[in-house]
Amino acid sequence: RFVSEFGMQSYSAPATNRTFCPPHDTNVFGPAMEHHQKNAAGNQIILEYGSRRYRYPKSRDDLIYLSQLNQAYCMQFGVEHYRRISPRCMGALVWQLNDCWPVASWSSLEFSGRWKALHYATKRFLAPQLISGRVRGEETVTIGNYRKSTVDAVEVWTVSDTPESAKANVRWTVMHVDGRKLARGAKSVVLEPVGGQHQHTVELGTLLKKHSHDEIYVRLQLTAGRREVSSQTVFVAPPRFVDLPKAKTLVMITMTDAETAEIAIESNAFQHGFALELPHAGDRLDDNFFDLYPGEKKVLRLSSATPTTAAKLKKLLTWRSLGDTY
């Protein structure tokens with residue numbers, strides 16, 4: 001029997017914080033926010049772990065976004081490890097689900113009902129059929145704050161919780177942050193029931209002689225029945241050292257009825273953790289806090305809490321990705 005516990009806090013969205021923060025007191029270390037943070041070291045932990053992975057943000061709203069991105073990553077990292085080593089570990093429970101009042105907390109749902117990045121990520125890392133990348137090697141900091149990396153490969157794993165085996169296809173693409181495809185490959189696999197499988201290792205040694213760890217990432221895709229069932233982006237260096245390009249984003253909105261819209265998004269460059277900020281807490285997207293790849297269209301379905309129009313949505317919707325936070 002194996003039992004382990006881990007967690008990471010994040011801040012609630014700016015709209016939720018406005019329900020208890022007066023306009024003059026919105027700083028995360030101010031009295032109002034501290035009163036709504038019941039972990040004595042909570043703010044310090046959020047900033048400490050966030051700074052290990054991301055750059056210092058340029059605004060409070062960017063800090064809130066990064067806290068949610070970091071929380072989602074921490075939970076994804078742990079849960080995918082547990083799932084990969086199945087049947088040694090046979091499950092993982094995500095704690096916690098929601099809040100009883102508007103706070104900074106470990107929840108994936110805010111008090112207002114708004115979904116955090118973690119709630120969207122949970123749909124992905126608990127998918128019945130999962131593709132998961134494991135970085136081989138590690139990065140350390142030496143004297144003078146110089147970095148030393150032994151990362152030389154990304155292991156490609158699949159996990160299936162279905163009771164029967166299934167045919168699938170695994171694809172991997174080594175990408176440069178400027179949009180170039182440096183290497184790619186594919187493999188037909190059989191997903192065995194209830195367990196994790198090491199399917200392939202993407203060796204990076206040759207590419208790393210020409211490109212630094214800070215310039216590349218690995219895109220993983222799992223398709224079954226002609227449908228992509230799982231995907232993932234794997235960085236081989238902390239994202240704070242990756243110079244993500246400043247992207248131009250095209251957002252097109254089509255109403256299917258008064259409360260439902262299709263939102264098509266395109267980008268001319270890679271965007272990590274692309275997030276739409278919804279006007280109302282009751283609004284729902286079928287996906288958010290995802291990765292956008294250059295030249296590929298991502299279509300979302302939005303269920304609005306109130307009747308609306310495409311013109312109103314276009315005026316109210318805002319978005320950001322990791323590269324916009326600094």
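How many helices and strands are there in the protein chain? The chain has six helices and 16 strands. The model is a predicted one, and the description below goes from the whole chain to two helix pairs and then to a single residue.

The overall dimensions come first. Along the principal axes, the C-alpha atoms occupy a box of roughly 55 × 55 × 45 Å. The radius of gyration is 20 Å, which agrees with the value near 20 Å for a compact globule of 326 residues. Of these 326 residues, 49% count as buried. Among contacts in the chain with a separation of 6 or more, 64% join residues that are 24 or more positions apart.

Helix H4, residues 60-84, takes part in both helix pairs described here. Its partner in one pair is helix H5, residues 117-125. The two axes lie 8 Å apart, at an angle of about 25°. Because angles under 35 degrees count as roughly parallel, H4 is roughly parallel to H5. The crossing of H4 past H5 is right-handed. On the H4 side, the contact is made by Gln68, Leu69, Gln71, Ala72, Met75, Gln76, Val79, Glu80 and Arg83. On the H5 side, the residues that meet them are Ala117, Leu118, Ala121 and Phe125. Sorted by class, this contact holds eight nonpolar, three polar and two charged residues.

The other pair joins H4 to helix H3, which spans residues 42-53. Here the axes come within 10 Å and cross at roughly 80°. An angle from 65 to 115 degrees counts as roughly perpendicular, and H3 and H4 are therefore roughly perpendicular to each other. From H3, the residues in contact are Ile46, Leu47, Tyr49, Gly50 and Arg53. They meet Leu63, Ser67, Asn70 and Tyr73 of H4. By class, the contact between H3 and H4 consists of five nonpolar, three polar and one charged residues.

The last stop is a residue in a strand. Glu262 belongs to strand E11, which covers residues 260-267. Is Glu262 buried, exposed or partly exposed? Its relative accessible area is 38%, so Glu262 is partly exposed; the partly exposed class runs between 20% and 50%. With neighbours within four places in sequence left aside, Glu262 contacts Met252, Ile253, Thr254 and Thr256, as well as Val299 and Leu300. Glu110 is 152 residues from Glu262 along the chain, and the C-alpha atoms of these two residues are separated by 24 Å.

Note on methods: Residues numbered from 1 in each chain as written. Predicted model: local features only at pLDDT ≥ 70, side-chain atom pairs only at ≥ 80, totals over all residues. Heavy atoms only, no water. Axes fitted to C-alpha atoms, helices over the stretch in contact; angles between N-to-C directions. Helix = DSSP H or I, 4+ residues; strand = E, 2+ residues; numbered from the N terminus. Parallel < 35°, antiparallel > 145°, perpendicular 65-115°, else oblique. Left-handed = near helix turned anticlockwise from the far one by under 90°. Contact = heavy atoms within 4.5 Å. Nonpolar A, V, L, I, M, F, W, Y, C, P; charged D, E, K, R; others polar. Buried < 20%, exposed > 50% of the residue type's maximum accessible area, 1.4 Å probe, protein only. Rg over C-alpha atoms; globule rule 2.2 N^0.38 Å.
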